[in-house]
Amino acid sequence: MGFGEGEIMSNNEIEAGRQISKQLLPSEDAIDGSIVQNAKLIIAIVEGRKKMGVAAEVGHDALLSATAGMAALTQARDHTVTCHRQLTSVRDALGYGPRAFGCGVGKLPPAEEPKGHLKVVQTEVA
């Protein structure tokens with residue numbers, strides 16, 4: 001279903017790809033913005049406690065909740081980055097170029113497997 005020489009993408013195909021790209025990038029940016037805001041909240045909680053001169057246990061539960069929120073946001077970011085990679089694979093499998101839908105520029109190349117004879121093995125700590 002890819003496009004060889006002389007074949008042209010239909011307007012529907014171009015529009016569908018652009019709509020996906022148009023939604024993907026703002027989604028990534030929104031998650032990054034939420035991570036930044038959550039980091040500022042965590043900083044404010046810690047600095048606020050110190051400025052008030054109260055014990056570390058004051059507001060500790062709120063700090064735990066804020067850091068759990070950061071973990072959840074980071075996991076959401078990971079899922080969104082994975083989605084982006086998967087959509088890139090679909091785009092490539094269908095034979096569209098990286099610039100066909102306004103996405104793909106400035107991305108890191110896929111990670112290469114280590115080369116050589118050594119292999120990473122998982123060990124258990126006693």
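This short talk walks through a predicted model, beginning with its confidence and then turning to its helices and core.

Because this is a predicted model, local features need pLDDT of at least 70 and side-chain atom pairs count only at pLDDT 80 or more, while totals for chains, interfaces and linings use all residues. Residues are numbered from 1 along each chain as its sequence is written, and side-chain values use heavy atoms, with hydrogens and water left out.

The mean pLDDT (the predictor's confidence in each residue, from 0 to 100) is 83 for the chain, and 73% of the residues reach 70 or more. Over residues 1–6, however, pLDDT stays under 50.

Helices here are DSSP runs of H or I with at least four residues, numbered from the N terminus. Helix 1 covers residues 11–52, and its 42 residues should span 62 Å at 1.5 Å a residue (the expected span being 1.5 Å times one less than the number of residues), which agrees with the 61 Å between its end C-alpha atoms. Just after helix 1, Gly 53 takes a positive phi of about 70°.

Which residues of helix 1 are buried, that is, under 20% relative accessible area with a 1.4 Å probe, protein chains only? Among them are Ile 14, Gly 17, Ser 21, Leu 24 and Glu 28, and helix 2 (60–93) is included in what covers the buried residues.

The largest nonpolar core (buried Ala, Val, Leu, Ile, Met, Phe, Trp, Tyr and Cys residues joined through side-chain atoms within 4.5 Å) consists of five residues, Ile 31, Ile 35, Ile 42, Ala 66 and Met 70. Helix 1 gives the most to this core, with three residues.

Conventions
Contact = heavy atoms within 4.5 Å. Helix = DSSP H or I, 4+ residues; strand = E, 2+ residues; numbered from the N terminus. Buried < 20%, exposed > 50% of the residue type's maximum accessible area, 1.4 Å probe, protein only.
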